[in-house]
Amino acid sequence: MPNQKPLNILLVRVSSLGDVLHNMPMVADIARHYPDANIDWVVEEGFVSLVRLNARVRNVIPFALRRWRKSLGKPETRAEIKHFFRTLRQQEYDFVFDTQGLLKTGIIMGAARVAKRGRKVGLANGSEGSGYEGISRIFHHLSIPTDPRTHAVARGRIVAGAALGYAVDTPADFGLPSLPDDTPRPEWMPVSYAVFFHGTARDAKKWATENWIALGKELAPMPVLLPWGAPKELAEAERIAAGLPNAVVLPKLPMADAIMLARRASLVIGVDTGLVHIAAAFVRPTVEIYADSPRWKTEGNWSPRIINLGDQGTPPSVAEVLAAARSLLG
């Protein structure tokens, strides 16, 4: 409406890394149709640095349930929780979107304040294999159904479009800025490198160690950087590096540095995990390897610089990944 005041909108998507990333195109969609909208976001504290990269998000409200669970009996933890809910309720919103569909995100939605005609909007159903919790619907004014095989990026976009009255008909825009060429590099980061995101929480999603070694040898002398997030992943990185003269095991990186690692890579190759999807969102040359998760759910489908290989139960061969990597390197 011509004289309508700017909308205040809250997004509730707290975790995990890949899911938070896949929710980001909602922001660009809303801003395209409602340029004056004020968009806030509740997210787990570990992912705040990622959301803050999106300049269209006004306020990021940190949520720390993963940490709070370990010390619920402590007065300082209870004080933090009270402060979170006070912060959450400072703003009155026209729309609150929960695109995760869990009881915990529903409770956050329930606690948020809405304007007189405000709406709390969420998912009417989950996708195949998701952890969707139907009880979350009790906090909704409006529940939007989606096809059970809707891509992870499209789900939030469809929910927002249905509630705000616009069609989702543009490529996904993650709102992530490019880095200026003169941005300082950490000491461990060469000018040109490949990064192997080999680690993931579920063993079945991994690609065999011997595959990484064979691939790295074919890419030599290009430096291969090996990040890790847990002791088990460190051991895997060391095994890969032992077979590769051009590989370096990185120190444990904070989230902001891990994002920069993906953001500046000349080539990214990795399994279905959050940092691989971040590289794809920055439209870095990326090969996504699927071994035990359905490709339709998260594959990077917004740029020819992203190549998706394998599928649930059918991981790609070294030859396939190498051919994809060489085509991306030109």
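I began with strand S4 and strand S5 (residues 113–123), and I found that the two pair in the parallel sense over six bridges; I keep in mind throughout that this is a predicted model. Looking for a single contact in that pairing, I noted that Phe95 has Arg119 in S5 as its bridge partner. I then followed the chain from S4 through helix H6 (residues 103–111) to S5 and recorded a right-handed β-α-β unit.

I turned next to the pairing of S4 with strand S1 (residues 8–12), which is also parallel and runs over four bridges, with Leu11 standing opposite Phe97 of S4. For S4 itself (residues 92–98), I looked up the burial and found six of its seven residues buried, so that I entered the strand as mostly covered, taking under 20% relative accessible area as buried.

I checked the backbone for unusual geometry and listed a cis peptide bond between Ser15 and Ser16, with omega about -10°; Ser16 sits in the loop between S1 and helix H1 (17–23). A cis bond also joins Ala220 and Pro221, with omega about 10°, and I placed Pro221 in the loop between helix H8 (209–219) and strand S8 (224–226). Val283, a residue other than glycine, has a positive phi near 55°, and it lies in the loop between helix H11 (274–281) and strand S11 (286–290). I noted Val283 as partly exposed, at a relative accessible area of 27%.

Last, I examined the second largest pocket, which holds about 260 Å³ of space. Its lining includes Phe282 and Arg284, and I entered the lining residues as six nonpolar, one polar and five charged.

Technical notes:
Residues are numbered from 1 along each chain as its sequence is written. This is a predicted model: local features need pLDDT of at least 70, side-chain atom pairs count only at pLDDT 80 or more; totals for chains, interfaces and linings use all residues. Side-chain values use heavy atoms; hydrogens and water are left out. Buried means under 20% relative accessible area, exposed over 50%, partly exposed in between (1.4 Å probe, protein chains only). Two strands pair if DSSP finds at least two bridges between them. A crossover is right-handed if, with the strands pointing away from the viewer, the path from the first strand over the helix to the second runs clockwise. On a 1 Å grid over the protein atoms alone, a cavity is a set of points where a 1.4 Å probe fits but cannot get out, and a pocket is an open set with protein on both sides within 12 Å along at least five of seven lines; lining residues have an atom within 4 Å of a point. Grid points are joined across faces, edges and corners, and a volume is the space filled by probe spheres set on the points. Ala, Val, Leu, Ile, Met, Phe, Trp, Tyr, Cys and Pro count as nonpolar, Asp, Glu, Lys and Arg as charged, and the others, Gly among them, as polar.
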